[in-house]
Amino acid sequence: MQNSNFVVEQPSTKQDFEAYYHLRYHVLRKPWRQPLGSELDETDNTSIHAFIKNNDIAIACSRLHFVDETTAQIRYMAVHPNYQGKGLGKLVVNYLEGISKKNNRTKIILHARENAVKFYENCGYTVKETSYLLFGEIQHYLMDKIV
Ligand SMILES: CC(C)(COP(=O)(O)OP(=O)(O)OC[C@H]1O[C@@H](n2cnc3c(N)ncnc32)[C@H](O)[C@@H]1OP(=O)(O)O)[C@@H](O)C(=O)NCCC(=O)NCCS
């Protein structure tokens, strides 16, 4: 999938995964002074990861995991601050939606940070309910989409 020069791919090498988790940490954990390692969870090993690279640096990333036979979940969506607002987040979401559909998971759920709700609405997601509060301050909203 391409947006001018940018291609969404799945990390495959050790270097890819280091770049991928580095971006996740720096965008989603470090600003809240969370320790290195807090960007990982137990379902990473069984998830499908997607990212966009620029000169071996990850500039957008996210992942998909299957919740059950019909539903998948997108988590850890992050775009490098210098590359936000250029359509990269949407490219990654579209890519993961394609994978979900191919695997017969036609419903996608996610817990959106408050600042990302408009982005996901733009991608066709609907707010279902207020979800959890992360680090005591980041309100999340459960959203879904049929793909
Ligand atoms: C939220 C985030 C993933 C969006 O990625 P992005 O690459 O900046 O977004 P895109 O450029 O792909 O935006 C896609 C569309 O959503 C719209 N959009 C994105 N953010 C928006 C916002 N805050 N308000 C309104 N519209 C927004 C864009 O205008 C664009 O619209 P268009 O397709 O009509 O031109 C990114 O800004 C980010 O990483 N933020 C910090 C981390 C974060 O909050 N992650 C989400 C965790 S749930």
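**The ligand and its shell**

Helix H3 contributes the most to the shell around the ligand, with four residues. The model is a predicted one. H3 spans 117–122, and other elements join in. Helix H1 (14–28), strand E5 (71–79), helix H2 (88–102) and strand E6 (107–113) each supply at least two shell residues as well.

Now look at the residues themselves. There are 21 around the ligand. Met77, Val79, Gly85, Gly87 and Gly89 come nearest. By class, the shell has 10 nonpolar residues, seven polar and four charged.

Which atoms of the protein meet the oxygen atoms of the ligand? Start with the backbone. A backbone N or O atom of Gly89 lies 2.8 Å from a ligand oxygen. Gly89 is also among the residues that come nearest to the ligand. For Lys86, a backbone N or O atom sits 3.2 Å from an oxygen atom of the ligand. Then take a side chain. An N or O atom in the side chain of Asn122 is 3.1 Å from a ligand oxygen. On its own, the ligand has 920 Å² of accessible area, and the protein covers 69% of that. The space that the ligand takes is the largest pocket.

Turn next to the charged pairs. How many salt bridges does the structure hold? The count is nine. One salt bridge joins Glu18 and Lys14, with their closest N and O atoms 3.2 Å apart. Both residues lie in helix H1. Four residues separate Glu18 from Lys14, about one turn of the helix. Helix H1 thus appears twice here: it carries this pair, and it supplies at least two residues of the ligand shell.

Note on methods
Residues numbered from 1 in each chain as written. Predicted model: local features only at pLDDT ≥ 70, side-chain atom pairs only at ≥ 80, totals over all residues. Heavy atoms only, no water. Near = heavy atom within 4 Å. Polar contact = N/O pair within 3.5 Å; in protein donor to acceptor, adjacent residues only side chain to side chain. Areas by Shrake-Rupley, 256 points an atom, 1.4 Å probe, with all protein chains shown as cover. 1 Å grid on protein atoms, 1.4 Å probe; cavity = no way out; pocket = protein on both sides within 12 Å on 5 of 7 lines; lining within 4 Å. Sits in = over half its atoms within 2 Å of the grid points. Nonpolar A, V, L, I, M, F, W, Y, C, P; charged D, E, K, R; others polar. Salt bridge = Lys/Arg side-chain N within 4 Å of Asp/Glu carboxyl O.
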